[in-house]
Amino acid sequence: MDYFMIKQSGSITIPRALTAQELQAGKLGAETPEISVRAMTDLSPLDRYDYLASEHLLSDRLKLLLEQYLPEQNWRPCVFIDQARKLQKVFWFLPPLPYQPERIDRARNGLPCAVYVAEQDFAMKSPGIFCIHNHKGPDCVIVHLSIAESMLRRGICGLELVRLGDG
């Protein structure tokens, strides 16, 4: 198999999005549907992650890589703020992905164990990045070997790449 599931390594708790009332009370302006704002007292734990699995959030570094495979997508920002220190860090929601593999084999736990892309779709219609719905848990992000190698070369951190078919 030439595909890998992306898993977050380690754990981090991320806060919920602030409501419009909370944003106005903090004089930060009203939140638009395109932007999610999250308040944290310390942003430094975010430095250890380029991928936050709970909401499929990507750091700027990982977004820059995936944009090469997902041209013309609308990327929605998630801004983490530390009001006391006047700091912010931006992550990006993975956009809806335009392609699903023609076949997905699943393990007993519902996780994908193999994906099959039609030969005529490979590198044409298929970007090599899939978000696969898991009926028994959170959705899974799957990437092709070429993307996984690019992630490793760039030193993308805070994630594990689990080869499909090895479990």
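Select Asp 47 and Lys 89 in this predicted model. Their side chains form a salt bridge, in which the closest N and O atoms are 3.2 Å apart. The pair links distant parts of the chain: Asp 47 belongs to the loop between E2 and E3, whereas Lys 89 belongs to strand E6, and 42 residues separate them. Colour Lys 89 by accessibility: its relative accessible area is 26%, so Lys 89 is partly exposed.

**A second salt bridge across the chain**

Next, select Glu 55 and Arg 38. These two side chains also meet in a salt bridge, with a distance of 2.8 Å from N to O. Here too the pair links distant parts of the chain, for Glu 55 is in the loop between E3 and E4, and Arg 38 is in strand E2 (residues 36-39), 17 residues apart. Are Glu 55 and Arg 38 buried or exposed, or does each fall in between? Glu 55 has a relative accessible area of 30% and is therefore partly exposed. Arg 38, at 3% relative accessibility, counts as buried.

**Helix H2**

Move to helix H2, residues 60-67. Select Glu 67 and Lys 63, whose side chains form a salt bridge of 2.7 Å, N to O. Why are these two residues separated by about one helical turn? The reason is that Glu 67 and Lys 63 are four residues apart in helix H2. A general rule is useful at this point: an α-helix has 3.6 residues a turn, so residues three or four places apart point the same way. The two partners may also be coloured by accessibility. Glu 67 is partly exposed at 28% relative accessibility, while Lys 63 is buried at 11%.

Now display the salt bridge network. Asp 42, Asp 82 and Arg 85 are joined into one network by salt bridges that share partners. In the model, the count of salt bridges comes to seven.

Return to H2 and select Leu 62, Lys 63, Leu 65 and Leu 66, which are buried. Turn the view until you look down the axis of H2: the buried residues fall within an arc of 160 degrees, so they line one face of the helix. Which elements do the buried residues of H2 pack against? They pack against strands E3 (51-52), E4 (57-59), E6 (87-93), E9 (129-132) and E11 (159-163), and against helix H3 (145-153).

**The four-stranded sheet**

Select E9, E10, E1 and E11 together. These four strands form an open sheet in the order E9-E10-E1-E11, and their pairing is antiparallel. Which strands stand at the edges? They are E9 and E11; each has a single partner strand, so one side of each is left without a neighbour in the sheet. View the sheet from its edge to follow the turn between its strands: on average, neighbouring strands are turned by 30 degrees against each other, direction ignored. As a general principle, strands of a sheet pair through backbone hydrogen bonds, either parallel or antiparallel.

Follow the pairings in turn:

- E9 and E10 run antiparallel and are joined by four bridges. Select Ile 129, whose bridge partner in E10 is Val 143.
- E1 and E10 pair in the antiparallel sense over four bridges. Select Phe 4, which stands opposite Val 143 in E10.
- E1 (residues 3-8) and E11 run antiparallel, with five bridges between them. Select Gln 8, whose bridge partner in E11 is Leu 159.

**Strand E10 and helix H3**

Isolate strand E10, residues 140-144. How many of its five residues are buried? Five of the five are buried, and the strand is mostly covered. Both faces of E10 are covered: Cys 140, Ile 142 and His 144 lie on one side, and Val 141 and Val 143 on the other.

Add helix H3 to the selection. H3 lies across E1, E9, E10 and E11, and runs at about 95 degrees to E10.

**The cysteines**

Finally, select Cys 131 and Cys 140. In general, a disulfide is a covalent bond between the sulfur atoms of two cysteines. In this model, the count of disulfides is zero. Cys 131 is in no disulfide, and its nearest cysteine sulfur, that of Cys 140, is 7.8 Å away. Cys 131 has a relative accessibility of 23% and so counts as partly exposed. The tour ends at Cys 113, which at 28% relative accessibility also counts as partly exposed.

Terms used:
Residues are numbered from 1 along each chain as its sequence is written. This is a predicted model: local features need pLDDT of at least 70, side-chain atom pairs count only at pLDDT 80 or more; totals for chains, interfaces and linings use all residues. Side-chain values use heavy atoms; hydrogens and water are left out. Buried means under 20% relative accessible area, exposed over 50%, partly exposed in between (1.4 Å probe, protein chains only). The arc is that of the directions from the helix axis to the C-beta atoms. Contact means heavy atoms within 4.5 Å. Two strands pair if DSSP finds at least two bridges between them. Axes are lines fitted to C-alpha atoms, for helices over the stretch in contact, and angles run from 0 to 180 degrees between N-to-C directions. A disulfide is a pair of cysteine sulfur atoms within 2.5 Å. A salt bridge is a side-chain nitrogen of Lys or Arg within 4 Å of a carboxyl oxygen of Asp or Glu.
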